[in-house]
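Me: I'd like to learn how to read a model like this one. Could you take me through it feature by feature?

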Amino acid sequence: MMDIQLLTAISPVDGRYRSKADGLALYFSEYALIRYRVLVEVEYFITLCEQPLPQLADFDKSLYNDLRDIYKKFQLEDAERIKEIEGVTNHDVKAVEYFIKEKFDVLKLDKYKEFIHFGLTSQDINNTAIPYSLRDAVNEMYYPLLEELIEQLDGLSKDWEDISMLAKTHGQPASPTRLGKEMKVFVERLNTQLNLLKRIPCSAKFGGATGNFNAHKVAYPEINWVDFGNNFVNNVLKLDREQYTTQISNYDNLAAIFDSLKRINTIMLDLSRDYWTYIMMEYFKQKIKKGEVGSSAMPHKVNPIDFENAEGNLGIANCLYEHLSAKLPVSRLQRDLTDSTVLRNIGVPIAHTVIAIKSLQKGLGKLLLNKAAIDKDLEDNWAVVAEAIQTILRREAYPNPYEALKELTRTNEGITAKSIAEFIETLNVSEAVKDELRSISPQSYTGV
């Protein structure tokens, strides 16, 4: 096998774009998954000691820090050792159990070893370790990055709040707006969906082989294992324990998280296409970096590649989010194994999303406002003030104002400031109303 390097990686996430998504390896790599499994196993053992189980009542609590160091000081060599064990067991979670037992031998705690993974199935570990890693990644990487983008958009909305701009509905000239307000639309949309995402519980399954604490109950029937499980998942791991499950998580909240991430991506995709179009319309130019090439054949080109890169990566991410949210909640009877391989991919759409956000940030940072082009578009479309004129005429009870403006503007001839001014002079209204109408222009008719 070839060594995994940037140039030999199959996925661009681990190759071309590794520098943009590298931090996610701490949450979603094979190494990370193993480390989170070790964390759950160790904390579970400590919680059994805290219960305490009779056989663990004499465990020296001063050793808790030594136990936690097993995952806090977890190194690549430790993960490699677990993979060696897995080569024999052919079971990844059992390999973690044997690895921790080796650590107990070193700490001279061999009398307690059989309470590692006591009464559990592998999904009690996977279905806590994976949501734990997802929560950490979202809190520590995704939220700060998305909030940076929202802050950048909000800053641009303030910079451009007084820039009048021709709106386009159905691709046609429409009532003017302001560039800053149009940017504010995306700020509000992203903030709203981000707040919804933050309210979705990050839930976990923990209840033994088929979710009923069978093994726990038969060994210690006097213990309330539901309370124990709730305490462990909710208070120790800071997740939300699902109360009624099969062998695996119900995955409904996980699916809701993916649906929410997908919806946020759709908003960013909409943003990418809008600003790509504004660049095409020459409302923006882009900062030029010395030495960069826009086209291998056309030296003049400065392509909107950052918005295109964002759009492409958001599309890939959303395809994967859609599959994750549709597939994970569906399992045959008390479980099948299809969730296992799918769960290993949850870092991939998040990586593509991170790449996209960074591309958007870069693209927005390169925008140079071309006010001359924006103003020219307004000046070339005086027909858009027809709405304003007919609304004032309606207020004045002028007969058939909409029809009068329709006859003026719905032609193939250009409507100019001059033709609008001439039309105003033909109106049978007071001079004060005419003055009011004369003050309207595409630049001023931008609402609140």
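**Reading the model, feature by feature**

Reply: Let's start with one residue: Pro 144 is partly exposed, because its relative accessibility is 32%, and the cut-offs are under 20% for buried and over 50% for exposed. Keep in mind that this is a predicted model.

Me: Where does Pro 144 sit, and which residues does Pro 144 contact beyond its neighbours within four places in sequence?

Reply: Pro 144 belongs to helix 7, which covers residues 122-159. Past those close neighbours, Pro 144 touches Val 138 and Asn 139.

Me: How far can I trust the coordinates? What is the average pLDDT?

Reply: The average is 94, and 96% of the residues score at least 70. The stretch to watch is 295-299, where pLDDT is below 50 and the model shows one contact beyond near neighbours in sequence. Where pLDDT is low, don't read the predicted coordinates in detail.

Me: Now a whole helix. Which residues of helix 6 are buried?

Reply: First, the general idea: an α-helix has 3.6 residues a turn, so residues three or four places apart point the same way. In helix 6, the buried residues include Asp 92, Val 93, Val 96, Glu 97, Ile 100, Lys 101 and Phe 104. Ala 95 and Phe 99 are buried too. Among the elements covering them are helix 3, helix 4, helix 5 and helix 7.

Me: What does the length of helix 6 look like against the expected span?

Reply: Helix 6 has 15 residues (92-106) and reaches 22 Å from its first C-alpha to its last, close to the expected 21 Å. After helix 6 comes Lys 108, with a positive phi near 60°.

Me: Which other backbone angles deserve a look?

Reply: Try Glu 282, a non-glycine residue with a positive phi near 70°, in the loop between helix 11 and strand 5. Asn 400 also has a positive phi, near 50°, and is in the loop between helix 16 and helix 17. Asn 400 counts as exposed because its relative accessible area is 54%. Then there's the peptide bond from Gln 51 to Pro 52, which is cis with omega near -15°; Pro 52 lies in the loop between helix 3 and helix 4.

Me: Last one: how many cavities of 30 Å³ or more are there, and what lines the largest cavity?

Reply: There is one cavity of 30 Å³ or more, and the largest has a volume of about 50 Å³. Its lining includes Asn 127, Ile 130, Pro 131, Tyr 251 and Leu 343. Helix 7 supplies the largest share of that lining, three residues. By type, the lining residues are five nonpolar, three polar and no charged.

Terms used:
Residues numbered from 1 in each chain as written. Predicted model: local features only at pLDDT ≥ 70, side-chain atom pairs only at ≥ 80, totals over all residues. Heavy atoms only, no water. Helix = DSSP H or I, 4+ residues; strand = E, 2+ residues; numbered from the N terminus. Buried < 20%, exposed > 50% of the residue type's maximum accessible area, 1.4 Å probe, protein only. Contact = heavy atoms within 4.5 Å. 1 Å grid on protein atoms, 1.4 Å probe; cavity = no way out; pocket = protein on both sides within 12 Å on 5 of 7 lines; lining within 4 Å. Points joined across faces, edges and corners; volume = space filled by probe spheres on them. Nonpolar A, V, L, I, M, F, W, Y, C, P; charged D, E, K, R; others polar. Expected span 1.5 Å × (residues − 1). pLDDT = per-residue confidence, 0-100.
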